[in-house]
Amino acid sequence: VVRHCGRNRKKTEKILKMKRVIIIGATSGIGKELAKLLTENGYLVGITGRRTELLTEIQKENPKLYRIKNFDITEIEKIETKLNELIEEIGGIDLLILSSGIGDINAELNFEIEKRTIETNVLGFTCVSDWAFNYFEKQKFGHLVAISSIAGIRGNRQATSYNATKAYQINYLEGLRQKAKNLKMKIFVTDIRPGFVNTEMAKGEGLFWVASVEKASNQIYNAILKKRKIVYVTKRWGIIALILKRIPNLIYDKM
């Protein structure tokens, strides 16, 4: 009996020492792969998404290390309650990864598509980011990682709202980094800017430098460990970003 109690105590101590992460949008793509990577590296992982059946399938792969919570990031009235419930289940949070976003080719400017993009990439994004930052400020440490996009560098006539909302995210994250520095706390904000990754988000013709989800996720994981501020995934997209920033408006408007 004594040995049995000792084993249980050691298991409890091990769980208490584990780092805890919440991934918003973990049912597919980068979010799902990051969840897998983090459990393999000793994290207790809370995963969220709209599709309960997909969350349940992921949890079955490692029931001891996954906790699930179903909600849509556009349901902003539910976000705080759902995240507080998830934190209660995993016993705290060191890291939050915001991997939920949408984007569509919308050359016809269908307003319903624009509205849905803004609700997800601006309203939902802001609600989660604010909640996470405020939580980290109260506990005086934490790491917020958000998947924006290289698309936020310039506008795009084919996906007007997508590029615009990604520009919003890039600037919002920069503001949060400034805020964290001013607070002089161990709060880190990482902006992940992918190029093309082989997920449902990769839309359009003539795509190039399309990275596998595994390669992109490994680079993101390494950036998280190093607490980088801005990361292009894959790394070569940093070159494209520099070029995009320097193309004169007279030329870019004709592209």
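Modeller: Two strands are taken to pair if DSSP finds at least two bridges between them. In this predicted model, strands β5 and β6 (residues 186-194) meet that condition, since seven bridges join them and the two strands run parallel.

Biologist: Which residue stands opposite D191 of β6?

Modeller: The residue opposite D191 is A146. The neighbouring position T190 is also found in strand β6, and because its relative accessibility is 0%, T190 counts as buried. Leaving aside residues up to four places away in sequence, T190 touches H143, L144, V145 and A146, and also K227, R228, K229 and V231.

Biologist: In what order do the strands form the sheet, and in what sense is the pairing?

Modeller: Strands of a sheet pair through backbone hydrogen bonds, and they may do so in either a parallel or an antiparallel manner. Here seven strands form an open sheet in the order β3-β2-β1-β4-β5-β6-β7, with parallel pairing. The edges are taken by β3 (66-70) and β7 (230-233), each of which pairs on one side only, and from one strand to the next the twist averages 15°.

Biologist: How many bridges does strand β4 make with β1, and how many with β5?

Modeller: With strand β1 (residues 19-24), β4 pairs over four bridges in the parallel sense, and L98 of β4 is the bridge partner of I24. Towards strand β5 (residues 141-147) there are four bridges, again with the strands running parallel, and there I97 has V145 as its bridge partner. Between β4 and β5 the chain passes through helix α5 (residues 111-139), and this β-α-β crossover is right-handed.

Biologist: Are the faces of strand β4 covered or open?

Modeller: In a regular strand the side chains alternate between the two faces of the sheet. For β4 (residues 95-98) both faces are covered, with L95 and I97 buried on one side and L96 and L98 buried on the other.

Biologist: What lies across β2 and β3?

Modeller: Strands β2 and β3 run parallel and are joined by five bridges, with I47 standing opposite I68 of β3. Together with helix α3 they make a right-handed β-α-β unit. Helix α3 (residues 52-61) lies across β2 (43-49) and β3, running at about 175° to β3. Helix α4 (residues 76-90) also packs on the sheet, where it touches β1, β2 and β3, and its direction makes about 165° with that of β3.

Biologist: At what angle do helices α5 and α6 pack?

Modeller: Two packed helices are described by the angle between their axes and the distance between the axes. For α5 and α6 (residues 160-183) the angle is about 10° and the axes are 9 Å apart. Angles under 35 degrees count as roughly parallel, so α5 and α6 are roughly parallel to each other. The residues of their contact divide into eleven nonpolar, eight polar and five charged.

Biologist: Does G25 count as buried or exposed, and which residues does G25 touch?

Modeller: G25 lies in the loop between β1 and α2 (29-40). Buried means under 20% relative accessible area, and G25, at 17%, therefore counts as buried. Apart from residues up to four places away in sequence, G25 touches G31, T48, S99 and S100. G25 and R51 are 26 residues apart in sequence, with a C-alpha to C-alpha separation of 9.7 Å in space.

Biologist: What is the phi of L109 and of K184, and which peptide bond is cis?

Modeller: Most residues other than glycine have a negative phi, and most peptide bonds are trans. L109 has a positive phi near 55°, and its place is in the loop between β4 and α5. Exposed means over 50% relative accessible area, so L109, at 52%, counts as exposed. K184 likewise has a positive phi, near 60°, and lies in the loop between α6 and β6; at 75% relative accessibility, K184 counts as exposed. The cis peptide bond runs from V233 to T234, with omega near -10°, and T234 is found in the loop between β7 and α8 (237-246).

Technical notes. Residues numbered from 1 in each chain as written. Predicted model: local features only at pLDDT ≥ 70, side-chain atom pairs only at ≥ 80, totals over all residues. Heavy atoms only, no water. Buried < 20%, exposed > 50% of the residue type's maximum accessible area, 1.4 Å probe, protein only. Right-handed = clockwise from strand over helix to strand, strands pointing away. Axes fitted to C-alpha atoms, helices over the stretch in contact; angles between N-to-C directions. Contact = heavy atoms within 4.5 Å. Parallel < 35°, antiparallel > 145°, perpendicular 65-115°, else oblique. Nonpolar A, V, L, I, M, F, W, Y, C, P; charged D, E, K, R; others polar.
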